[in-house]
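Here is a short report for a reader meeting this structure for the first time. Keep the model in view while you read.

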Amino acid sequence: MKVTIETPELMESFGQELAAQLVAGDLVLLAGELGAGKTTLTRGIGAGLRATGTVQSPTFVLARTHKTASGPDLVHVDAYRLGSALELDDLDIDFANSIVIIEWARHFLDDLFDHWLLVSIDRSNEQDIREVEIIGHGKRWEGVQFALSD
Ligand SMILES: Nc1ncnc2c1ncn2[C@@H]1O[C@H](COP(=O)(O)OP(=O)(O)OP(=O)(O)O)[C@@H](O)[C@H]1O
Ligand SMILES: [Mg+2]
């Protein structure tokens with residue numbers, strides 16, 4: 001599924017809509033170059049889950065955990081400096097009971113999970129326009145429709 005997102009505010013709304021689909025055990029991998037809008041999208045997911053604290057780039061820590069009013073913790077990971085799957089393992093994330101969002105996920109992570117959503121954000125030539133594609137991997141996402149407003 002592909003959508004065009006024209007402003008940071010709409011990226012947050014998109015994150016909120018996406019949040020409505022997420023349950024404990026779900027993993028969202030965010031791809032997209034520097035400044036693509038990965039953290040902005042995560043902020044929207046945080047709002048949708050009614051997460052506590054500010055969702056911001058977890059640059060100095062590899063992962064930040066937010067409690068949510070909706071249930072499972074939201075774990076926000078910045079994998080930019082993550083060198084291997086082993087380093088992810090070191091973070092001791094409770095994947096089964098959390099909703100985990102990973103910015104800068106790379107393919108070495110794919111082998112670790114049986115299902116995940118890959119959200120790729122592309123910057124077009126125009127300043128604020130982003131093209132966003134969502135691809136579900138694994139049985140969990142088979143046949144799941146994203147009722148997202150374009
Ligand atoms: N349509 C849009 N969607 C998202 N962000 C947008 C959009 N248009 C402009 N922006 C701006 O682009 C920037 C995106 O920054 P953000 O921190 O979300 O990106 P990022 O992908 O997390 O970057 P990094 O790679 O540094 O982690 C923000 O300043 C935001 O306001
Ligand atoms: Mg970021």
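Read along the sequence, the protein follows the pattern β-α-β-α-β-β-α-β-β-β. That gives 3 helices and 7 strands. The model is predicted.

## Overall form

The C-alpha atoms fill a box of roughly 40 × 30 × 30 Å, taken along the principal axes. The radius of gyration is 14 Å, which agrees with the value near 15 Å for a compact globule of 150 residues. Buried residues make up 32% of the 150 residues. Many contacts span long stretches of chain: among those between residues at least 6 apart in sequence, 64% join residues at least 24 apart.

## The sheet

The 7 strands form an open sheet. Their order is β1-β7-β6-β2-β5-β4-β3, and the pairing is mixed. The edge strands are β1 (2-5) and β3 (63-66), and each pairs on one side only. From one strand to the next, the twist averages 20°. Strands of a sheet pair through backbone hydrogen bonds, either parallel or antiparallel.

Three of the pairings are set out here.

| Strands | Sense | Bridges | Opposed residues |
|---|---|---|---|
| β1 and β7 | antiparallel | 4 bridges | Lys2 and Glu133 |
| β6 and β7 | antiparallel | 8 bridges | Val119 and Ile134 |
| β3 and β4 | antiparallel | 4 bridges | Thr65 and Val75 |

At one edge, β1 pairs with β7. Lys2 has Glu133 of β7 as its bridge partner. On the way inward, β7 also pairs with β6. These two strands, β6 and β7, form a hairpin with 6 residues between them. At the other edge, β3 pairs with strand β4, residues 73-78.

## Two helices on the sheet

Helix α1 covers residues 8-19. It lies across β1 and β7 (130-137) and runs at about 145° to β1.

Helix α2 covers residues 38-48. It lies across β2 (27-31), β3, β4, β5 (98-103) and β6 (116-123). Its direction is at about 165° to β5.

How many residues of α2 are buried? The count is 10 of 11, so the helix is mostly covered. Among the buried residues are Lys38, Thr39, Thr40, Leu41 and Arg43. The buried residues of α2 pack against α1, β2, β3, β4, β5 and β6.

## Around ligand 1

There are 17 residues around ligand 1. Met11, Gly37, Lys38, Thr39 and Thr40 come nearest. Lys38, Thr39 and Thr40 are also buried residues of α2. Both α1 and α2 supply at least two residues of the shell. Which helix or strand gives the most? It is α2, with 3 residues. By class, the shell has 5 nonpolar, 7 polar and 5 charged residues.

## A buried residue in β2

Leu29 sits in strand β2. Is this residue buried or exposed? Leu29 counts as buried, because 25 C-beta neighbours lie inside 10 Å and the cut-off is 20 or more. Leaving aside neighbours within four places in sequence, Leu29 is in contact with Ile102, Ala105, Leu109, Trp116 and Leu118. The C-alpha atoms of Leu29 and Val100 are separated by 8.4 Å. Along the chain, these two residues are 71 residues apart.

## Two residues with positive phi

Most residues other than glycine have a negative phi. Two loop residues deserve a look here.

Arg50 comes just after α2, in the loop between α2 and β3. Its phi is near 55°, a positive value in a residue other than glycine. Arg50 is partly exposed, with 14 other C-beta atoms within 10 Å.

Trp104 is placed in the loop between β5 and β6. The phi of Trp104 is near 60°, again a positive value in a residue other than glycine. Trp104 is partly exposed, with 17 other C-beta atoms within 10 Å. That class lies between the limits: 20 or more for buried, 12 or fewer for exposed.

Conventions: Residues numbered from 1 in each chain as written. Chains lettered and ligands numbered in written order. Predicted model: local features only at pLDDT ≥ 70, side-chain atom pairs only at ≥ 80, totals over all residues. Pairing = 2+ DSSP bridges. Axes fitted to C-alpha atoms, helices over the stretch in contact; angles between N-to-C directions. Contact = placed C-beta atoms within 7 Å. Near = placed C-beta within 6 Å. Nonpolar A, V, L, I, M, F, W, Y, C, P; charged D, E, K, R; others polar. Rg over C-alpha atoms; globule rule 2.2 N^0.38 Å.
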